[in-house]
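Here are some notes for a colleague who will be looking at this model at the bench. They take up burial, salt bridges, the overall fold and the main pocket in turn.

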Amino acid sequence: MKPSQPRRRADRPPTLAALLAAPLALALAACTGPTAKPGSADGASAPAATAASHRSDLLDRLRPLCGKAYAGRVVVDTPTSADNPFAGKPLIMHVRDCGANEIRVPFHVGEDRSRTWVLRDDGARFNLKHDHRHADGSADAMTMYGGDWRESQASGRYEFPADDESKALFGRLDRAVSIPNVWAIEIDEGRFVYELARPGRLFRVEFDLTRPVPAPPPPWGA
């Protein structure tokens, strides 16, 4: 005869507290959502912060030069026009005005003080514009054109393809040839380069940052 098995207690019905606890736990788990990645509030914020940091790098590179002027020379000019406005004239860049979000760099060609490069980073856009003035300070019809920054693979190089506003301006002033313009700035410890490129055209002027020169007069309209 087999020994008798101990008698099991009948399963007790779940209490009211237990019945309420399970749905509450599920609701709390749903509210927490996916765990955020370290260092970012969401998936898109980290690349945006990196891009903003890279954009402001050019202004940071220019700030130590504020108030100083440098002589330059044309190193590439293809094709060269018969009425080349740069031939035989001293070329001076002057890092003249340095604000929190904007740096203005007049570019003097001999006695011609009509050109100023304007670099501005307002947090939403980082762009290069060309402010052109007449001797009386009035704005030229072809002024404030330029482009928004795009990342370059080359360290120390900043490219600015023509923006929509500039393309529209070129179209209105019968300068459609300039619509594919890409401007670039290169900077390192010894040189600053300004470049204009488009199909069939390349212009580069290089300034020696190791030898400051006396500051020129203010640009027209300043």
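1. A residue counts as buried when its relative accessible area is under 20%, as exposed when that value is over 50%, and as partly exposed in between. Please keep in mind throughout that this is a predicted model. By this cut-off Asp131, with a relative accessible area of 6%, is buried, whereas Arg104, at 22% relative accessibility, counts as partly exposed.

2. These two residues are joined, since Asp131 forms a salt bridge with Arg104 in which the closest N and O atoms are 2.7 Å apart. The pair ties together distant parts of the chain, with Asp131 in strand E6 and Arg104 in strand E4 (residues 102-109), 27 residues apart.

3. A second pair repeats the combination of a buried acid and a partly exposed arginine: the side chains of Glu186 and Arg191 meet in a salt bridge at 3.3 Å, N to O. Glu186 is buried because its relative accessible area, 13%, falls under the 20% limit, while Arg191, at 27%, is partly exposed.

4. Which residues of the salt bridge between Arg204 and Glu195 are buried? Both of them are, and the closest N and O atoms of this pair lie 2.5 Å apart.

5. The residues of points 3 and 4 belong to a wider arrangement, in which Arg150, Arg157, Glu159, Glu186, Asp188, Arg191, Glu195, Arg204 and Glu206 are linked in a network of salt bridges. The structure as a whole holds 22 salt bridges.

6. Turning to the fold, the secondary structure of the protein chain consists of three helices and 11 strands, and from the N terminus on the elements follow the order α-α-β-β-β-β-β-β-β-β-α-β-β-β. Of the contacts with a separation of 6 or more, 47% are between residues 24 or more positions apart. Of the 222 residues in the chain, 33% count as buried, and the chain exposes about 13700 Å², of which carbon and sulfur atoms supply 56%.

7. The largest pocket has a volume of about 590 Å³ and is lined by 25 residues, with Phe86, Tyr145, Arg175, Leu196 and Arg201 lying nearest its centre. Strand E5 (112-121), strand E6 (126-132), strand E10 (191-198) and strand E11 (201-213) each supply at least two residues of this lining, which divides into 12 nonpolar, seven polar and six charged residues. Strand E6, which contributes to the lining, is also the strand that holds Asp131.

Note on methods. Residues numbered from 1 in each chain as written. Predicted model: local features only at pLDDT ≥ 70, side-chain atom pairs only at ≥ 80, totals over all residues. Heavy atoms only, no water. 1 Å grid on protein atoms, 1.4 Å probe; cavity = no way out; pocket = protein on both sides within 12 Å on 5 of 7 lines; lining within 4 Å. Points joined across faces, edges and corners; volume = space filled by probe spheres on them. Helix = DSSP H or I, 4+ residues; strand = E, 2+ residues; numbered from the N terminus. Nonpolar A, V, L, I, M, F, W, Y, C, P; charged D, E, K, R; others polar. Buried < 20%, exposed > 50% of the residue type's maximum accessible area, 1.4 Å probe, protein only. Contact = heavy atoms within 4.5 Å. Areas by Shrake-Rupley, 256 points an atom, 1.4 Å probe, with all protein chains shown as cover.
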